[in-house]
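Let's take a walk through a protein model together. Have the sequence and the 3D view open as you read.

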Amino acid sequence: MNTKKIFGLVGKNIAYSFSRNYFSEKFAKLNLNNCSYRNFDLDKIEDFSAIFSEKSACIFGLNVTIPYKEKVGVFLDEIDQDATNIGAVNTIKILPSGIKKGYNTDVYGFSKSIEPLLKEHHKKALILGTGGASKAVAYAFDKLGIQYKFVSRVPKNDTQISYESIDASVLNTHTLLVNCSPLGTSPEVHLCPDIPYDFLTNKHLLYDLIYNPSETKFLRKGKEKGAVVKNGLQMLELQAEKSWEIWNS
């Protein structure tokens with residue numbers, strides 16, 4: 001009898017989970033009846049080890065989402081170099097020996113999904129938010145040769161600026177904006193990052209890591225000014241496929 005292969009998502013308040021639906025549909029299409037995907041909704045990251053207490057032989061791979069991408073590393077045996085450089089893990093492979101190795105597939109998903117939209121004038125970017133996903137975006141920009149500033153409600157160093165400091169001159173030079181904050185996620189679709197949208201133009205590219213709703217208020221307000229907009233669905237699909245590749249390699 002084949003061992004049931006368990007994959008899953010580690011996070012907090014993740015009933016909405018893109019990953020569970022995506023992989024459940026994938027398993028069904030591929031007739032992988034011995035594979036299942038479940039949510040591991042943890043109140044605190046210290047509960048991570050309990051996931052393996054009963055089913056250690058069955059768990060083959062995990063995805064990690066907010067708020068644990070930056071915190072899960074201490075519970076792993078090894079971390080891939082890219083994930084180490086980024087400072088965030090969103091994919092974990094459990095080796096036959098039981099060793100847990102962390103990777104970051106967000107940077108792959110983001111890079112592949114935004115590259116076709118980049119124009120010659122997209123030389124500087126604003127990354128809205130400072131969580132784990134924002135680190136993957138910054139790492140991708142480093143590789144693409146795009147300068148960036150993080151935007152935070154409370155800037156902590158000279159790589160960060162405040163929302164209040166964004167004015168016409170800042171938006172004139174930073175024509176690429178990526179929302180890595182949760183603002184605008186369903187059901188709170190009336191929210192959006194607090195930036196001066198009136199200064200956006202058709203030279204701007206607005207990218208929102210949120211995929212639900214498919215058009216956030218952030219994207220809608222950009223589109224009204226002629227900006228090119230894209231949500232995070234393709235990024236999620238690409239990073240999920242990269243996770244699957246890692247788990248099966």
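## Getting our bearings

Before we can place anything in a loop, we need names: helices (H or I, at least four residues) and strands (E, at least two) are DSSP runs, numbered from the N terminus. Keep in mind that this is a predicted model. With those labels we can place Asn231, which sits in the loop between strand E12 and helix H8 (233-247). We'll come back to that residue at the end.

## The sheet

Start with the strands. Six of them form an open sheet in the order E9-E8-E7-E10-E11-E12, and the pairing is parallel. Strand E9 (160-162) and E12 are at the edges with a single partner strand each, so one side of each has no neighbour in the sheet. From one strand to the next, the twist averages 25°. As for what holds such strands side by side, strands of a sheet pair through backbone hydrogen bonds, either parallel or antiparallel.

Now zoom in on E7, the home of Leu126. Is Leu126 buried or exposed? Its relative accessible area is 0%, so Leu126 counts as buried. Setting aside neighbours within four places in sequence, Leu126 touches a whole list of residues, including Lys149, Val151, Ile161, Ile166, His174 and Leu177. Compare Tyr103: 23 residues separate Leu126 and Tyr103 along the chain, and their C-alpha atoms are 25 Å apart.

## Strand E11 and its partners

Strand E11 covers residues 205-208, with Leu205 and Tyr207 pointing one way and Leu206 and Asp208 the other, and all are buried. On one hand, E11 runs parallel to E10, joined by four bridges. Here Leu176 is opposite Leu205, and Leu177 is opposite Leu206. On the other hand, three bridges link E11 with strand E12 (residues 228-230), again in the parallel sense. Leu206 turns up here too, with Val229 as its bridge partner in E12.

How do E11 and E12 fit together with a helix? With helix H7 (residues 217-224), they make a right-handed β-α-β unit. H7 lies across E7, E10, E11 and E12, and runs at about 165° to E11.

## Helix H5

Next, look at helix H5, residues 132-144. Its 13 residues reach 19 Å from the first C-alpha to the last, close to the 18 Å expected at 1.5 Å a residue. Several of its residues are buried, among them Gly132, Ser134, Val137, Tyr139 and Phe141.

What covers the buried residues of H5? The cover includes two helices, H3 (81-86) and H4 (106-114), along with strands E7 (124-128), E8 (147-152) and E10 (176-179). Just past the end of H5, Gly145 has a positive phi of about 75°.

## Back to Asn231

Finally, return to the loop after E12. Why does Asn231 count as buried? Buried means under 20% relative accessible area, and Asn231 has 18% relative accessibility, so it counts as buried.

Follow the side chain of Asn231 to see what its polar atoms meet. One polar atom of this side chain lies 2.8 Å from the backbone oxygen of Ser214. The backbone nitrogen of Leu233 is 3.1 Å from a polar atom of the Asn231 side chain. Leaving out neighbours within four places in sequence, Asn231 is in contact with Tyr207, Asp208, Ile210, Ser214 and Leu219. Two of these names should ring a bell: Tyr207 and Asp208 belong to strand E11.

Definitions and conventions: Residues numbered from 1 in each chain as written. Predicted model: local features only at pLDDT ≥ 70, side-chain atom pairs only at ≥ 80, totals over all residues. Heavy atoms only, no water. Expected span 1.5 Å × (residues − 1). Buried < 20%, exposed > 50% of the residue type's maximum accessible area, 1.4 Å probe, protein only. Contact = heavy atoms within 4.5 Å. Pairing = 2+ DSSP bridges. Right-handed = clockwise from strand over helix to strand, strands pointing away. Polar contact = N/O pair within 3.5 Å; in protein donor to acceptor, adjacent residues only side chain to side chain. Axes fitted to C-alpha atoms, helices over the stretch in contact; angles between N-to-C directions.
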